[in-house]
Amino acid sequence: MHRGLPRQAPGSDASTRRLLSLCGPLPERPRVLDLGCGPGRSALLLAAEAGGARGAEVTAVDLYAPFLEELRTAAAARGLTGRVRTVEADMGALTGEDFADGSFDLVWAEGSAYLLGFDAALARWKRLLAPGATLVLTECEWTVPEPSAGARAFWDPHCALRTTARNLAAAQAAGYQVLGVHHLPDADWAEYYGPLAERVRTLSGAGAAAPAMAAALAATREELDVRARHGHEYGYTGYVLRPVTAGGGDAWPTRPETAGDVAAVREVNLAAFGTPLEADLVDALRADGAWLPGLSYVAEAPDGSVAAHALLTACEVDGVRALALAPVAVAPAFQRSGAGSAVVRALLAAARERGESLVLVLGHPEYYPRFGFTPASRFGIRAPFEVPDEAMMALVLDDSVPVPAGTIGYPAPFGV
């Protein structure tokens, strides 16, 4: 039923490229391992576009030989035969010299990690990563705090879905730093389910004569129907992860600010924004009751100076405590270097460790989703002023705590 379909899970070339962009710089000709590659849509893109002009060396693993044959044919048609090697093997039990520890610069798994389980995939695949290498995987997750009985009736027997907050916590507990998060758009489901639904229609006539096919068709129709009725309750999320090294794991050392950093933090905010507004806001928040010691973070430049700063202070949603992420500032000399992302990741991890449950940010919708933020309107949270829906975002750090709905109440220094 699935043979010959372009994808075996929700996804798109656009999402593959987005996840690849979150990996940061790769070696000139990276060694890439695509696990559960299916017919190889991602493997082909990675072979052509990952790394430098010479592309990547991709080892594509799957248990189903016809998928691997489809991939070899497609690679030959695109002139990529020398860059793609197929291996028929169990992605959960890779052995031999080809899969020795530290063999790959990038390990990729779109739509396949659920076969092992998210936690097991993180544990088993870590050894395959070379120093500084990256693991990218996508995982189906709940997108609502309380999934309906109908959605659970379908998913619970197949796969115990979790939320983004729980998977982020699991990744960090497994010894990874989160370089980026990408929530796959609804269109990525259409790229998978559109051809699959057409295949179901084509095969329906043959199903009655073949009991196994009839059962497969019935299961797939149920899956398509659940998506139509409950698709707003779950979705796929991509994670870009890197093992934490003994030295901390990030090119940009991060830490809570100290009293000696106050002047440098002000200078970074002045330089980053070109006006005193954000620098004055930080100073005013320090004197306000919303200030939370330990949740003002800096990233250090190689010479020990402050390269970036990010701040979390207390706010409210309809009277319930939350945190506001603002401002985030990077010195001009270090912008687009990863310093800003490093300090935001570290700050959010510190908030999670303290037991905080909800963070809100008003910011660029192309930037903050990499940390797991989604539109706050999904939770019924709104700003106290007019703002584009996609720019007001929320990140749930602890999904065991109910997410409040209502209007955000900012501390007085924000002036709103």
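1. D280 and R266 form a salt bridge, with the closest N and O atoms 2.9 Å apart; a salt bridge here is a side-chain nitrogen of Lys or Arg within 4 Å of a carboxyl oxygen of Asp or Glu. The pair links distant parts of the chain, D280 in helix α10 and R266 in helix α9 (residues 262-273), 14 residues apart. Helices (H or I, at least four residues) and strands (E, at least two) are DSSP runs, numbered from the N terminus. D280 is partly exposed at 38% relative accessible area, and R266 is partly exposed at 25%. Buried means under 20% relative accessible area, exposed over 50%, and partly exposed in between (1.4 Å probe, protein chains only). Salt bridges that share partners join E257, R266, D280, D283 and R286 into one network.

2. The model is predicted: local features need pLDDT of at least 70 and side-chain atom pairs count only at pLDDT 80 or more, while totals for chains, interfaces and linings use all residues. Residues are numbered from 1 along each chain as its sequence is written, and side-chain values use heavy atoms, with hydrogens and water left out.

3. A search of the whole structure finds 22 salt bridges. One of them pairs R41 with D13, the closest N and O atoms being 3.3 Å apart. R41 lies in helix α2 (residues 41-49) and D13 in helix α1 (residues 13-21), 28 residues apart. R41 is partly exposed at 28% relative accessibility, as is D13 at 22%.

4. The side chains of D119 and R162 also meet in a salt bridge, 2.8 Å from N to O. D119 is in helix α4, and R162 is in the loop between α5 (149-155) and α6, 43 residues apart. D119 has a relative accessible area of 41% and is partly exposed; R162, at 24%, is partly exposed.

5. Which residues of helix α4 (residues 118-125) are buried? They are F118, A121, L122 and W125. These residues cover an arc of only 100° around the axis (taken from the directions from the helix axis to the C-beta atoms), which puts them on the same side of α4. An α-helix has 3.6 residues a turn, so residues three or four places apart point the same way. The cover over the buried residues of α4, by contact (heavy atoms within 4.5 Å), includes β1 (31-35), β4 (104-109), β5 (129-142), α6 (164-173), β6 (176-183) and β7 (234-243).

6. Helix α11 (residues 339-353) has 15 residues, and its end C-alpha atoms are 21 Å apart, in agreement with the 21 Å expected at 1.5 Å a residue. The expected span is 1.5 Å times one less than the number of residues. Of the 15 residues in α11, 14 are buried. Just after α11, G355 takes a positive phi of about 90°.

7. Some backbone geometry deserves a check. A cis peptide bond joins A326 and P327, with omega about -10°; P327 lies in strand β11 (residues 320-330). D318, not a glycine, has a positive phi of about 55°. D318 sits in the loop between β10 (306-317) and β11 and is exposed, with a relative accessible area of 58%. R336, also not a glycine, has a positive phi of about 65°. The loop between β11 and α11 holds R336, which is exposed at 89%.
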